[in-house]
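Student: I have a new structure to look at and don't know where to begin. Can you walk me through it?
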Amino acid sequence: MSALSEFLYHLKTITKAYFSLLVLEVIILITSIMGLTPKSDKSLITSNQYLNLIEENNPTTRYAKRLRTNQQTECAVCLSEFKEDEEIRKLKCKHIFHKDCLDRWLQQYCSATCPLCRNKVLPDDVVASYHRIRDRVDYDESDEEVILTLSALHRTGFPGFF
Ligand SMILES: [Zn+2]
Ligand SMILES: [Zn+2]
């Protein structure tokens with residue numbers, strides 16, 4: 001009986017995770033279909049969501065020398081050799097990199113491509129949604145509103161602060 005409830009609990013957690021991913025994908029799909037340049041925060045992708053998408057498309061693995069006889073022995077981002085059991089990502093183009101090096105690389109540029117062959121790692125619209133939240137400049141009126149609202153909330157939240 002308890003095994004069953006444990007199973008149901010796990011099922012619930014998994015369903016929840018899948019559901020949030022699904023919602024995210026639907027949002028991306030809708031915005032790309034409608035060709036909108038979305039202003040609302042709902043269509044923006046946070047760093048966590050972005051990294052999750054990278055992980056989902058290129059799962060982290062461990063480097064094992066014996067499995068890689070004639071493959072890359074060093075990471076093209078940091079130019080150091082892979083050590084046994086280090087966390088790596090293998091892209092669809094078969095190039096491998098340190099997980100951390102690649103994640104940093106993919107967050108840096110306006111298109112997410114393989115550092116070696118420039119093969120796309122994530123669709124452009126996903127990358128654009130992510131960079132829109134990072135590169136937001138505060139000149140926009142709507143952004144100013146958000147900032148004003150936030151600082152107002154901040155003030156009410158911490159009355160003795162100002
Ligand atoms: Zn590296
Ligand atoms: Zn590549």
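Tutor: We can take the metal site, then one histidine, one arginine and the nonpolar core. Keep in mind that this is a predicted model.

Student: OK, which residues are the protein donors of the zinc ion (ligand 1)?
Tutor: C75, C78 and C101 each donate through SG, and H98 donates through ND1. These atoms lie 2.0 to 2.3 Å from the zinc ion.

Student: What arrangement do the four donor atoms make?
Tutor: A tetrahedral one, because the angles they subtend run from 100 to 117°. The ideal angle for four tetrahedral donors is 109.5 degrees.

Student: And what spacing do the donors follow along the chain?
Tutor: The spacing is C-x2-C-x19-H-x2-C. C75 sits in the loop between β1 and β2, while C101 is in helix α3, so this pair ties together parts 26 residues apart in sequence.

Student: Are C75 and C101 buried or exposed?
Tutor: Both are buried.

Student: Back to H98. Where is it?
Tutor: H98 is in strand β3, which covers residues 96–98. H98 counts as buried because its relative accessibility is 8%, and the cut-off for buried is under 20%.

Student: Which side chain does the H98 side chain make a polar contact with?
Tutor: That of E86, at 3.1 Å. Leaving out residues up to four places away in sequence, H98 touches several others, including C75, C78, F82 and I88.

Student: New topic: R89. Buried or exposed?
Tutor: R89 is buried, with a relative accessible area of 1%. Its place is in strand β2, residues 87–90.

Student: So which side chains does the R89 side chain make polar contacts with?
Tutor: One is the side chain of E55, at 2.7 Å. Another is the side chain of T60, at 3.1 Å. Setting aside neighbours within four places in sequence, R89 is also in contact with other residues, among them N58, P59, F97 and L102.

Student: Last one. How many residues are in the largest nonpolar core?
Tutor: It has 25 residues. Those with the most contacts inside it are I45, Y50, L91, L106, A112, L122 and V126.

Student: Which elements each supply at least two residues of this core?
Tutor: They are α1, α2, β3, α3 and α4. The largest share, four residues, comes from α3.

Student: What does L91 touch?
Tutor: Not counting residues up to four places away in sequence, L91 touches N58, F97, L102, C114 and V121.

Conventions
Residues are numbered from 1 along each chain as its sequence is written. Chains are lettered from A and ligands numbered from 1 in the order in which they are written. This is a predicted model: local features need pLDDT of at least 70, side-chain atom pairs count only at pLDDT 80 or more; totals for chains, interfaces and linings use all residues. Side-chain values use heavy atoms; hydrogens and water are left out. Buried means under 20% relative accessible area, exposed over 50%, partly exposed in between (1.4 Å probe, protein chains only). A polar contact is a pair of N or O atoms within 3.5 Å; within protein, one must be able to donate a hydrogen and the other to accept it, and residues adjacent in sequence count only if both atoms are side-chain atoms. Contact means heavy atoms within 4.5 Å. Donors are N, O and S atoms within 2.8 Å of the metal (3.2 Å for Na, K and Ca); water is not among the atoms, so sites may look incomplete. Four donors count as tetrahedral if all angles lie between 85 and 135 degrees; four count as square planar and six as octahedral if opposite donors are over 155 degrees apart and all others between 65 and 115; anything else is irregular. A nonpolar core is a set of buried Ala, Val, Leu, Ile, Met, Phe, Trp, Tyr and Cys residues joined through side-chain atoms within 4.5 Å.
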